[in-house]
Amino acid sequence: MAALPVYRWRLAPDDYATRRQLRARGLRPGGQDVAAQLERPRRRRGPLVAYLYRIDLAKPVRPMTPARWAALDKANTARRTCPACRRDAGYVIPTALGTCVPCATPEQYAA
């Protein structure tokens with residue numbers, strides 16, 4: 001296996017992109033291997049590393065199907081449903097609380 005080319009921050013060639021940059025262009029890596037590596041130096045720790053993919057080998061993002069939209073809607077509904085009172089909180093339940101805010105702090109919401 002050959003070593004990956006390593007580029008410094010902001011010095012990578014224009015024909016490479018990170019996953020996030022590909023996604024912004026409506027593309028995905030499409031099964032290709034990592035083509036290069038980008039390193040951003042830091043003072044007291046190791047460098048930040050990002051993997052780069054070739055843009056010319058990238059494929060278009062697959063469109064969302066009705067089944068995928070339904071699964072996404074179901075997952076988001078589950079994230080909004082309080083496990084204690086079983087109501088839709090109207091927001092994503094914080095994992096730190098584990099329940100909606102009225103169930104987590106009932107003394108503040110007592111009538």
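**Exercises on a predicted model**

The side chains of glutamine 37 and glutamate 39 make a polar contact at 3.1 Å (N or O atoms within 3.5 Å, one able to donate a hydrogen and the other to accept it; residues adjacent in sequence count only if both atoms are side-chain atoms). The model is predicted, so local features need pLDDT of at least 70 and side-chain atom pairs pLDDT 80 or more, while totals for chains, interfaces and linings use all residues. Residues are numbered from 1 along each chain as its sequence is written, and side-chain values use heavy atoms, leaving out hydrogens and water.

**Exercise 1.** Place glutamine 37 in its strand and decide whether it is buried or exposed.

*Solution.* Step one: glutamine 37 belongs to strand E4, residues 36-40 (helices, H or I, of at least four residues and strands, E, of at least two are DSSP runs, numbered from the N terminus). Step two: its relative accessible area is 15%, so it is buried (under 20%; exposed is over 50%, partly exposed in between, with a 1.4 Å probe and protein chains only). Step three: list its contacts, meaning heavy atoms within 4.5 Å. Leaving aside residues up to four places away in sequence, glutamine 37 touches Leu4, Pro5, Val6, Tyr7, Val49, Ala50, Tyr51 and Leu52.

**Exercise 2.** Work out the strand order of the sheet and find which strands stand at its edges.

*Solution.* Step one: the order is E1-E4-E5-E2, an open sheet of 4 strands with mixed pairing (two strands pair if DSSP finds at least two bridges between them). Step two: E1 (6-8) and E2 (16-17) each have a single partner strand, so one side of each lacks a neighbour in the sheet. Step three: E2 and E5 (residues 48-54) run antiparallel, joined by 2 bridges. Alanine 17 has tyrosine 53 in E5 as its bridge partner.

**Exercise 3.** Describe the lining of the largest pocket by residue class.

*Solution.* Step one: the lining has 10 nonpolar, 2 polar and 3 charged residues (Ala, Val, Leu, Ile, Met, Phe, Trp, Tyr, Cys and Pro are nonpolar; Asp, Glu, Lys and Arg are charged; the others, Gly among them, are polar).

**Exercise 4.** Locate cysteine 82 and say whether it is buried or exposed.

*Solution.* Step one: cysteine 82 sits in the loop between helix H2 (66-80) and helix H3 (101-104). Step two: with 0% relative accessibility, cysteine 82 counts as buried. Step three: beyond residues up to four places away in sequence, cysteine 82 touches Arg87, Ile93, Thr99, Cys100 and Cys103.
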